[in-house]
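Hi everyone, thanks for coming. I'd like to walk you through one small piece of modelling work today, and please have the picture open while I talk.

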Amino acid sequence: MEYKVLPFVATIATQGTSNQVAQQLEEMIQKHSYLGWKYLRLESVTTFVQPENGCFGIGAKPGYTTSRQMLVFTK
């Protein structure tokens, strides 16, 4: 069995709705379905972004945790 994992980041206008997000997700699933991939699930992956030291501590940025959405397909 093969797997394919792709990031999913929906973009909407300021006055956008959840319907726009659903449409973008549907389009991505349909596109990969046409290419022979079967949609399996939408996974949330939590990641820690390392801190930046900056130059001599100036402009240093602390690390933080973020979450990314990943589409999982199978063949």
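Let me begin with a cut-off: a residue is called buried when its relative accessible area is under 20%, exposed when that is over 50%, and partly exposed in between. Take Thr66 with that in mind: its relative accessibility is 18%, so Thr66 counts as buried. And do keep in mind throughout that this is a predicted model.

Where does Thr66 sit? Its place is in strand E3, which covers residues 64-74. Leaving out residues up to four places away in sequence, Thr66 touches Val45, Thr46, Thr47 and Val49.

Now let's step back to the whole chain. You'll find one helix and three strands in it, and starting from the N terminus the order reads β-α-β-β. The radius of gyration is 17 Å, while the globule rule gives 11 Å for 75 residues; the value is well over the rule, so the chain is more spread out than a compact globule. For the extents, the C-alpha trace spans about 50 × 40 × 15 Å along its principal axes.

How much of the chain is buried? Of the 75 residues, 15% are buried. The accessible surface comes to about 6000 Å², and 56% of that belongs to carbon and sulfur atoms. If we look at contacts between residues at least 6 apart in sequence, 62% of them join residues at least 24 apart. As for charge, there are 7 positive and 5 negative charges, and their mean positions lie 3 Å apart.

On to the core. In soluble globular proteins, nonpolar side chains tend to be buried together. Which residues make up the largest nonpolar core here? There are six: Leu6, Phe8, Leu25, Trp37, Leu71 and Phe73.

Leu6 is a nice residue to start from. Beyond its neighbours within four places in sequence, Leu6 is in contact with Met28, His32, Gln69, Met70, Leu71 and Phe73. Two of those partners, Met28 and His32, deserve a closer look.

His32 is found in helix H1, residues 18-34. Is His32 buried or exposed? With a relative accessible area of 6%, His32 is buried. Apart from residues up to four places away in sequence, His32 touches Lys4, Leu6, Trp37 and Phe73. Leu6, Trp37 and Phe73 are core members, as we just heard.

Met28 is also in helix H1, and Met28 is partly exposed, with a relative accessible area of 21%. Setting aside residues up to four places away in sequence, what does Met28 touch? The list is Leu6, Pro7, Phe8, Leu71 and Phe73. Pick out Leu71 from that list: Met28 and Leu71 are 43 residues apart in sequence, and their C-alpha atoms are 8.9 Å apart in space.

My last stop is Ala10, in the loop between strand E1 (3-7) and H1. At 29% relative accessibility, Ala10 counts as partly exposed. Ala10 touches Val21 and Gln24, again not counting residues up to four places away in sequence. Measure from Ala10 to Ala22 on your screens, and you should get 8.7 Å, C-alpha to C-alpha, for two residues twelve apart in sequence.

To wrap up, I'd keep two things in mind: the chain is more spread out than a compact globule, and its largest nonpolar core has six residues. Thanks for listening, and I'm happy to take questions.

How values were computed. Residues numbered from 1 in each chain as written. Predicted model: local features only at pLDDT ≥ 70, side-chain atom pairs only at ≥ 80, totals over all residues. Heavy atoms only, no water. Core = buried A, V, L, I, M, F, W, Y, C linked by side-chain atoms within 4.5 Å. Buried < 20%, exposed > 50% of the residue type's maximum accessible area, 1.4 Å probe, protein only. Contact = heavy atoms within 4.5 Å. Helix = DSSP H or I, 4+ residues; strand = E, 2+ residues; numbered from the N terminus. Rg over C-alpha atoms; globule rule 2.2 N^0.38 Å. Areas by Shrake-Rupley, 256 points an atom, 1.4 Å probe, with all protein chains shown as cover. Lys, Arg positive; Asp, Glu negative; His and termini not counted. Charge placed at Lys NZ, Arg CZ, Asp CG, Glu CD.
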